[in-house]
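Hi there,

Here is the structure I promised to pass along. Have a look at it first, and my notes follow underneath.

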Amino acid sequence: MAEPATDTILVLNGPNLNMLGTREPEKYGHATLADVETLCREAAAAYGLKADCRQSNREGELIDFVHEAHARKMKGIIINAGGYSHTSIALHDALLAVQIPTVEVHVTNIHARESFRHHSYTARAAFASLCGFGIEGYRLAIQGLAAKLGIKPKA
């Protein structure tokens, strides 16, 4: 079994998020996944937490990461499941199974886009969902998660 990570949150990014910065910059902006990960590590550190950032284009691997978060007793999950948000009942079920406080993030406003993006299975497994704030949504998600966990910012 992996080492416990009780001061850690999982930041999970799904398919095509490795292409941030080059993929449709008019929608997603110019920030890269590395920029997102730096932002998340800094935001988590403000609460005395560590951000374990992962990305995969494969649904099963994303589910394995969720299971690992449970095994390692991580405090929370920030998830941008990308296109799997709208299709993956299996990812929804994994998030429900582990019972870890979860916030869903989307860089764009999914409700202002194509109708097939308006429904999110992962949102149904999260206590909150943020969309349309660009990568700043990750910082807001970490702030919200910390508040849900009762963790105050470090001085």
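**The annotated site and the cysteines**

Tyr28 is buried, at a relative accessible area of 10%. Please keep in mind that this is a predicted model. Tyr28 sits in helix H1, which covers residues 25-28.

I started with Tyr28 for a reason: the unreviewed UniProt entry lists "active site" at Tyr28 and His106. The two span 79 residues in sequence, yet their C-alpha atoms are no more than 9.7 Å apart, so they gather at one spot.

His106 belongs to strand E4, residues 102-106. With a relative accessibility of 6%, His106 is buried as well. What does His106 touch, leaving out residues up to four places away in sequence? Its contacts are Asn80, Gly82, Ser85, Ser120, Leu130, Cys131, Gly132 and Phe133.

One of those contacts, Cys131, leads on to the cysteines. How many disulfides are there? The count is 0, with a disulfide taken as two cysteine sulfur atoms within 2.5 Å. For Cys53, the nearest cysteine sulfur is that of Cys40, 5.2 Å away, so the pair does not meet the 2.5 Å cut-off. Cys131 is in no disulfide either: its nearest cysteine sulfur, again that of Cys40, is 17 Å away.

Are Cys53 and Cys131 buried or partly exposed? Cys53 is buried, with a relative accessible area of 13%, whereas Cys131 is partly exposed at 22%.

Happy to talk it through whenever suits you.

Best wishes

Technical notes:
Residues are numbered from 1 along each chain as its sequence is written. This is a predicted model: local features need pLDDT of at least 70, side-chain atom pairs count only at pLDDT 80 or more; totals for chains, interfaces and linings use all residues. Side-chain values use heavy atoms; hydrogens and water are left out. Buried means under 20% relative accessible area, exposed over 50%, partly exposed in between (1.4 Å probe, protein chains only). UniProt positions are given in the numbering used here, feature names are shortened, and annotations may be inferred rather than shown by experiment. Helices (H or I, at least four residues) and strands (E, at least two) are DSSP runs, numbered from the N terminus. Contact means heavy atoms within 4.5 Å.
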